[in-house]
Amino acid sequence: MTMSDQKQDQEFQDYLNGNSEMSRAYRKASGGKTPQHLDDYILAAARKSVGARPRLAYSPFSKAWQVPVSVAAVLVLSVGLVFTLQEQTGEGKFSGPGPESGMRLQERIDAPADMEFREEVASPAVAAERHVMASQDADMNDMFADEAVQEADARTSAASAEPPQPRAAAKLPAEKAAALVQDAPLPAAEATGLPTLRHESRNIGAQSPPPKATGRVNELQGQALELKDEIAELEQSRKILESETTSLEQDLERNRQKHDDLKKQAARLTTIMPAAEITGSRAEVSWLSHIRRVWRLGQNELARENLRDFKQAHPRYPVASLRQIFPEDLYLEIYTP
Amino acid sequence: MEEQISDEDLMLLYREGDAHAFEKLYLRNKDALYRFMLSLCGNESITEELFQDVWLKLVNARQRYQVTASFRTYLFQIARNRVIDHYRSSTRNPQAGAFSNGDVIAELPADRHSRPDIQAETNQAMQSLLQAVDALPLEQREAFLLKEEAGLSVQEIANLTGVNSETAKSRLRYAFKKIRGEMVNDHE
């Protein structure tokens with residue numbers, strides 16, 4: 001063998017041992033990697049095959065804390081929600097009345113007049129009695145309308161320099177309500193007039209808020225809807241939690257029953273071998289119960305042998321205790337000196 | 001330092017339904033297997049198809065998995081069989097050669113290193129090395145790849161390819177000689 005052959009052999013041995021320049025160069029050069037879509041597909045298939053879901057870390061600890069943490073989360077969310085709602089209600093007072101609030105106000109103003117009108121049309125005799133009350137209501141309506149108008153004015157003047165038109169419009173229903181009561185015997189005329197008037201006043205109320213305020217109202221409406229959804233979700237979570245709590249309570253009840261059963265069993269065992277329980281160590285008790293089992297199976301000779309062994313192993317074990325466990329003919333023979 | 005769990009244990013865990021074990025196993029072995037198959041097939045789309053088949057076969061056979069050999073031997077055996085099956089049933093490549101153990105397989109073109117992305121990454125010497133590997137006769141190439149990609153011993157290569165260990169060693173020796181010759185020529 002030439003030197004060159006020997007060198008080649010040595011290199012080949014190095015190669016086999018994973019210690020060659022060639023292997024290192026090859027590892028460096030070969031950089032082919034699997035395409036991502038293949039990886040995804042194969043891993044998904046593997047997971048599907050074992051029916052694996054994203055792992056939920058259900059340790060006993062997390063299970064124990066699941067309900068309290070969920071309840072706390074629900075509470076925090078509810079409190080947050082209440083604060084948010086309060087905040088938004090507060091904002092509503094100072095921001096411009098949107099078309100909706102304008103309409104609600106008009107309804108408040110219109111509603112009594114409308115009802116009275118209908119009653120009076122049905123029974124004109126009541127009209128006189130209602131007259132004074134209607135006048136008072138009209139005054140109050142005036143006050144409501146004034147308040148609303150003041151609010152609207154404040155916001156309207158902030159939003160635009162236009163004169164506060166809605167004031168006159170908002171006052172109309174109150175004056176009209178009083179006039180309507182006076183003209184009660186003419187239902188036909190009023191029947192046509194009142195709706196028109198209400199319609200007008202609503203239109204005025206709806207037109208009054210400036211564009212900025214309308215945008216704000218829309219925004220608030222959107223938020224209100226979102227909050228509604230959140231409340232619905234929370235309600236659902238609460239229901240789930242309730243059902244989980246119920247099942248946990250049932251588990252607890254079952255465990256309690258088991259515990260009671262075990263306690264009863266233990267008590268029964270204690271009554272069977274009270275002395276042994278009290279006087280003996282665990283090993284002694286276990287041995288004695290074995291002997292007792294053997295004796296019960298009718299293997300008296302075997303039981304005696306066992307008892308002799310027991311006596312040898314535990315010579316100081318009180319004989320009085322054995323009396324409660326075994327019949328006399330079994331132990332006296334062994335324990336009589 | 002945490003001791004690394006073996007491939008066999010990961011597969012056993014997967015057999016018991018642990019998908020994370022499979023993920024680990026897959027990430028550990030996929031690239032080597034892919035390169036091995038690509039080198040045998042020489043065609044990326046066919047390789048992808050066969051590569052996917054191999055892993056799916058493993059997934060579907062997980063319940064029957066027993067540790068009889070190293071997992072890598074098992075995996076590369078499945079891959080090799082799949083490549084042989086493919087070319088046995090394929091009439092696309094008329095230049096069919098034969099393994100010494102009687103398995104019919106195509107004399108495969110090796111065009112994997114003509115990919116521009118790989119070309120850009122590797123320098124001239126590396127290109128030569130890869131070309132030398134691709135130029136090897138199939139049996140030698142296979143032995144070389146099983147050694148380099150799967151990290152199998154001579155005996156394991158012999159078992160997997162169905163030849164005795166002397167033959168496997170001889171194939172490796174020839175492969176080593178040829179590649180080394182190419183590398184030396186390239187240096188000169």
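**Close-up views of charged and aromatic contacts**

A:Tyr15 counts as buried, at 0% relative accessibility. This and every other value below comes from a predicted model.

**View 1. A:Tyr15 stacks with B:Phe144.** The ring centres are 6.2 Å apart, with 5 degrees between the planes. This pair crosses between chains. A:Tyr15 belongs to helix α1 (residues 3–16) of chain A, and B:Phe144 to helix α7 (residues 138–148) of chain B. B:Phe144 is buried, with a relative accessible area of 0%. A charge joins the scene: the charged end of B:Lys147 sits over the ring of A:Tyr15, 4.9 Å from its centre. Over all chains, the structure holds 18 aromatic pairs.

**View 2. B:Phe71 and B:Tyr74 form a tilted pair.** Their planes meet at 50 degrees, and their ring centres are 6.3 Å apart. Both residues lie in helix α4 (residues 71–89) of chain B. They are three residues apart there, about one helical turn. B:Phe71 is buried at 0% relative accessibility, while B:Tyr74 is partly exposed at 26%.

**View 3. An aromatic cluster in chain B.** Its members are B:Tyr14, B:Phe22, B:Tyr26, B:Tyr34, B:Phe51 and B:Trp55. Over the ring of B:Tyr14 sits the charged end of B:Arg62, 5.4 Å from the ring centre.

**View 4. A salt bridge links A:Lys33 and B:Asp31 across chains.** The N to O distance is 3.9 Å. A:Lys33 lies in the loop between α2 (21–29) and α3 (36–49) of chain A. B:Asp31 lies in helix α2 (residues 19–41) of chain B. Exposure differs: A:Lys33 is exposed at 59% relative accessibility, but B:Asp31 is buried at 16%. A search of the whole structure finds 20 salt bridges over all chains.

**View 5. A:Arg238 and A:Glu235 pair within one helix.** Their closest N and O atoms are 2.4 Å apart in this salt bridge. Helix α9 (residues 211–272) of chain A holds both residues. Three residues, about one turn of the helix, separate them. A:Arg238 is partly exposed at 33% relative accessibility. A:Glu235 is partly exposed too, at 32%.

**View 6. B:Arg15 bridges to B:Glu16, and a network forms elsewhere.** The closest N and O atoms of B:Arg15 and B:Glu16 are 3.4 Å apart. B:Arg15 is partly exposed, with a relative accessible area of 22%. B:Glu16 is exposed, at 60% relative accessibility. Salt bridges with shared partners also join A:Lys33, A:Asp39, B:Lys30 and B:Asp31 into one network.

Notes
Residues are numbered from 1 along each chain as its sequence is written. Chains are lettered from A and ligands numbered from 1 in the order in which they are written. This is a predicted model: local features need pLDDT of at least 70, side-chain atom pairs count only at pLDDT 80 or more; totals for chains, interfaces and linings use all residues. Side-chain values use heavy atoms; hydrogens and water are left out. A salt bridge is a side-chain nitrogen of Lys or Arg within 4 Å of a carboxyl oxygen of Asp or Glu. Helices (H or I, at least four residues) and strands (E, at least two) are DSSP runs, numbered from the N terminus. Buried means under 20% relative accessible area, exposed over 50%, partly exposed in between (1.4 Å probe, protein chains only). Rings of Phe, Tyr and Trp (its six-membered ring) pair if their centres lie within 6.5 Å; planes under 30 degrees apart count as stacked, over 60 as edge-to-face and the rest as tilted. A charge sits over a ring if NZ of Lys or CZ of Arg is within 6 Å of the ring centre and within 35 degrees of the ring normal.
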